[in-house]
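Thanks for coming. I'll put the model up and talk through one metal site, then the overall fold, then one loop residue.

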Amino acid sequence: MSKYQIQKQAIVDAAQDLTKKGFLMATGGNLSLRIIGEKVFAVTPSDFDYMKMTADDICILDFELNQLEGDLKPSVEAAMHCAIYQVRPDVTAVVHTHQVYASALTLINKSIPGLFDEQTRFLGRSVDIIPYAPSGTGMLRDTIAKNVRNHNNAYLMKNHGALLFGTDLDRACHNVEILEKCSLAYLLTLCTEKKASKVPLAVREIAFAKLRKDQKRVESGQIAVGGE
Ligand SMILES: [Zn+2]
């Protein structure tokens, strides 16, 4: 049995849960998990039905993208996941989805300002749009790496989908749900004549400071995979 079996199974469970909830559709999107203490990560395979996936299908790659385990081809976005782990040492898990409401905001180039307490606490000060680059390319990898350094945990990928980070995999998956709720509420607000009000700046900053505190604990290696 693989020494990464727990992490592989955690990815399968998370992917199937997100599929059942409608956040992952068909084979779209991909998930990964950093292996703490190694320059290695686990990632979903390319073009594979999440509901048929087992732990053995998950790929283990090092930060040079050498495949250490798994017979299937890794996700076409594996290089993007790898780049995120290198520029964001506070991130343990990365979930990329094509979730519908967040994707809609990318089509009208609308970043989400700090609208709700839970949003600023877990997703960051705002959910910003990252400029377009084609899927599976080095251009997308570089564009993402350049635009995720501000310690937010959610981003919108123009004409593509969403990117969620977490201090663990459960947190990244919860962030998928928070983002979709915020996206729908913001889309509905944009349909009115009214301007969306934001949370007070001081509240946003206190919430963001709490998020940074969580992230710094990960950076200093105090949290193991799966939670506290
Ligand atoms: Zn995608």
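The zinc ion has three protein donors, namely NE2 of His 96, NE2 of His 98 and NE2 of His 160, at 2.0 to 2.1 Å from the metal. Donors here are N, O and S atoms within 2.8 Å of the metal, or 3.2 Å for Na, K and Ca; water is not among the atoms, so sites may look incomplete. This is a predicted model, in which local features need pLDDT of at least 70 and side-chain atom pairs count only at pLDDT 80 or more, while totals for chains, interfaces and linings use all residues. Residues are numbered from 1 along each chain as its sequence is written, and side-chain values use heavy atoms, with hydrogens and water left out.

The spacing of the donor residues in sequence reads H-x1-H-x61-H. His 98 sits in the loop between β5 (93-97) and α3 (100-107), and His 160 in the loop between β7 (154-157) and β8 (161-166), so this pair ties together parts 62 residues apart in sequence. Helices (H or I, at least four residues) and strands (E, at least two) are DSSP runs, numbered from the N terminus.

Are these two histidines buried or exposed? His 98 is partly exposed at 33% relative accessibility, and His 160 is buried at 14%. Buried means under 20% relative accessible area, exposed over 50%, and partly exposed in between, with a 1.4 Å probe and protein chains only.

Now the whole protein. There are seven helices and eight strands. The radius of gyration is 17 Å, close to the 17 Å from the globule rule for 228 residues, so the protein is as compact as a globular protein of that length. That radius is taken over C-alpha atoms, and the rule is 2.2 Å times the number of residues to the power 0.38. Of the 228 residues, 53% are buried. Taking contacts between residues at least 6 apart in sequence, 66% join residues at least 24 apart; contact means heavy atoms within 4.5 Å.

Last, Ser 46. This residue lies in the loop between β2 (40-43) and β3 (59-62), and is partly exposed, with a relative accessible area of 22%. What does Ser 46 contact, leaving aside neighbours within four places in sequence? The partners are Lys 73, Pro 74, Ser 75 and Val 76. Ile 58 is twelve residues from Ser 46 in sequence, and their C-alpha atoms are 9.8 Å apart.
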